[in-house]
Amino acid sequence: MRAVDRHPEIRDAVRALCAQFPDAYFRAVDAERGYPEAFVDALIEAGWLAAMIPEAYGGAGLGLAEASVILEEINRCGGNAGAVHGQMYNMGTLLRHGSEAQKRTYLPAIAKGELRIQSMAVTEPTAGTDTTRIATTAVKRGDRYVVNGQKVWISRVRHSDLMILLARTTPLIEVRKRSQGMSIFIVDLRVAIGHGLVVRPIANLVNHETNELFFANLEIPAENLIGEEGRGFRYLLDGLNAERTLIAAECIGDGYWFTERAVKYANERVVFDRPIGRNQGVQFPIADAYIEIEAANLMRYRACDLFDAGEPCGAEANMAKYLAAKASWEAANTCLQTHGGFGFATEYDIERKFRETRLYQVAPISTNMVFAYVAEHVLGLPRSF
Ligand SMILES: Cc1cc2nc3c(=O)[nH]c(=O)nc-3n(C[C@H](O)[C@H](O)[C@H](O)COP(=O)(O)OP(=O)(O)OC[C@H]3O[C@@H](n4cnc5c(N)ncnc54)[C@H](O)[C@@H]3O)c2cc1C
């Protein structure tokens, strides 16, 4: 059905794994607001989450294109890669900016599945999208940093061993540029929770494990600083292109899932003595959604190819994320409409996927921020904030 179907060998293998976790599995996990433990264990066991870890550190050494196909297929099969996608891009921060000692300590263990690095803590309740205004501080005292502050919407903390933390190490008033003076750290959650870190789950629209974090004199060993002190914001930006492209791939997986479900139902459901899909009012929106997904998919591969060639890909990664999140949401809406009342029944899984795919117009970056990026960096318009 798809015009662009790269890496069939990876697709087949991921699909075979996903076949062991049918719709009923994800439906039950969603109903109990649980975490898909068995599914994630199977993914790790098969090595899929170590796709982008270089072979020298025990991973598969694959590129962003292959990694994106893995996440796409999870969503395409009816699952939700949101439970695991953090590991794919969080380890990139460590890989690009960590010391050799940090890489040797963590990456092989992550590749083996002994450690999980599913979480990254950036967002704060008062700063919101304006990351330079974060108020969480890390103050160096001897061989430790002491962290105080608060984060919000931090995902998978209760199912991760490690977390990347962004905190201010130099007060905003003391830096020349507001993007300076922030640093990133590896937080060992197994030690931190209950010893300076309190985690409070946030009930939300999607079954997405996400939390408020409260830091009160949390001590982190100084060797857990990644890269140079004060350059954390820069390091964070370096990882965003991979993150956005991977999320785009998940949306594309969702988009194909919705389209296929809509086509199947439109062909089967008979009303007024004809399949509903014979009506243009039903078939045209499905065709429209499919066209949009195909277009988003091309931009996703463009971003992957540039990233894997080591070329700048900020514009393409942002545009792929925008196009894919919009296309998957439109496909979701069409799929729901095509199913009429049955789309609301949980047993059809459409309402679950509908909720899941909506997230990606807000997180990890909201649509307006993509527009702001393109306006400023691609079109040369004045910075708007
Ligand atoms: C389920 C979930 C999981 C998440 N997981 C994580 C995570 O693991 N780690 C993490 O750090 N964060 C996480 N986030 C946070 C997410 O990245 C933010 O919610 C998102 O970046 C938007 O920030 P905000 O919610 O503070 O919105 P705000 O910054 O308050 O913005 C609200 C709205 O105003 C718009 N807006 C704000 N300023 C402007 C402007 N200048 N121009 C135009 N529009 C503007 C925004 O686009 C947005 O639509 C998660 C969020 C959710 C909902």
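What follows is a conversation about reading side-chain contacts and helices in a predicted model.

Trainee: Let's start with the rings. How many aromatic pairs does a search of the whole structure find?

Mentor: The search turns up 11 aromatic pairs. To sort a pair, look at the angle between the ring planes: over 60 degrees counts as edge-to-face. Take F26 and F39: their planes sit at 75° with the ring centres 5.1 Å apart, so this pair is edge-to-face.

Trainee: Where in the chain do F26 and F39 sit?

Mentor: F26 is in helix α2 (residues 23-31) and F39 is in helix α3 (residues 37-45). They are 13 residues apart, and the pair links distant parts of the chain.

Trainee: Are those two rings buried or exposed?

Mentor: The cut-off to keep in mind is that buried means under 20% relative accessible area. F26 comes out at 7%, so it counts as buried. F39 has a relative accessible area of 0% and is buried as well.

Trainee: Which residues do ring pairs link into a cluster?

Mentor: That cluster takes in F21, Y25, F26 and F39. Elsewhere, W257 and F258 make another edge-to-face pair, 5.2 Å from centre to centre with 85° between the planes. Both W257 and F258 are buried.

Trainee: What about charges over rings? Which residue lies over the face of W257?

Mentor: That's K353, at 5.3 Å from the ring centre of W257. So W257 has an edge-to-face partner in F258 and a lysine, K353, over its face. You can look at W329 in the same spirit: R358 lies over its face, at 5.3 Å from the ring centre.

Trainee: On to salt bridges. How many does the structure hold?

Mentor: There are 27 salt bridges. A good one to open with is E72 and R11, whose closest N and O atoms are 3.2 Å apart. E72 belongs to helix α4 (residues 64-76) and R11 to helix α1 (residues 8-19), 61 residues apart, and the pair links distant parts of the chain.

Trainee: And are E72 and R11 buried or exposed?

Mentor: E72 is buried, at 0% relative accessible area. R11, at 2%, counts as buried too.

Trainee: Which other salt bridge involves E72?

Mentor: The side chain of R300 meets E72, with 2.8 Å from N to O. R300 is in helix α9 and E72 in helix α4, 228 residues apart, which again links distant parts of the chain. Both R300 and E72 are buried.

Trainee: What does a salt bridge between strands look like here?

Mentor: Try R200 and E212, which meet at 3.8 Å, N to O. R200 is in strand β6 (residues 197-201) and E212 in strand β7 (residues 210-221), 12 residues apart. R200 is partly exposed, with a relative accessible area of 47%.

Trainee: Which residues do salt bridges with shared partners join into one network?

Mentor: D5, R11, R15, E72, E73 and R300. You've already met R11 and R300 as partners of E72.

Trainee: Last one, on helix α9. How do its end C-alpha atoms compare with the expected span?

Mentor: The idea is to allow 1.5 Å a residue and compare that with the end-to-end distance. Helix α9 (residues 280-308) has 29 residues and should span 42 Å; its end C-alpha atoms are 42 Å apart, so the two agree.

Trainee: And what happens just after α9?

Mentor: Look at G310, which takes a positive phi of about 75°.

Technical notes:
Residues numbered from 1 in each chain as written. Predicted model: local features only at pLDDT ≥ 70, side-chain atom pairs only at ≥ 80, totals over all residues. Heavy atoms only, no water. Phe/Tyr/Trp six-rings, centres within 6.5 Å; stacked < 30°, edge-to-face > 60°. Helix = DSSP H or I, 4+ residues; strand = E, 2+ residues; numbered from the N terminus. Buried < 20%, exposed > 50% of the residue type's maximum accessible area, 1.4 Å probe, protein only. Lys NZ or Arg CZ within 6 Å of the ring centre and 35° of its normal. Expected span 1.5 Å × (residues − 1). Salt bridge = Lys/Arg side-chain N within 4 Å of Asp/Glu carboxyl O.
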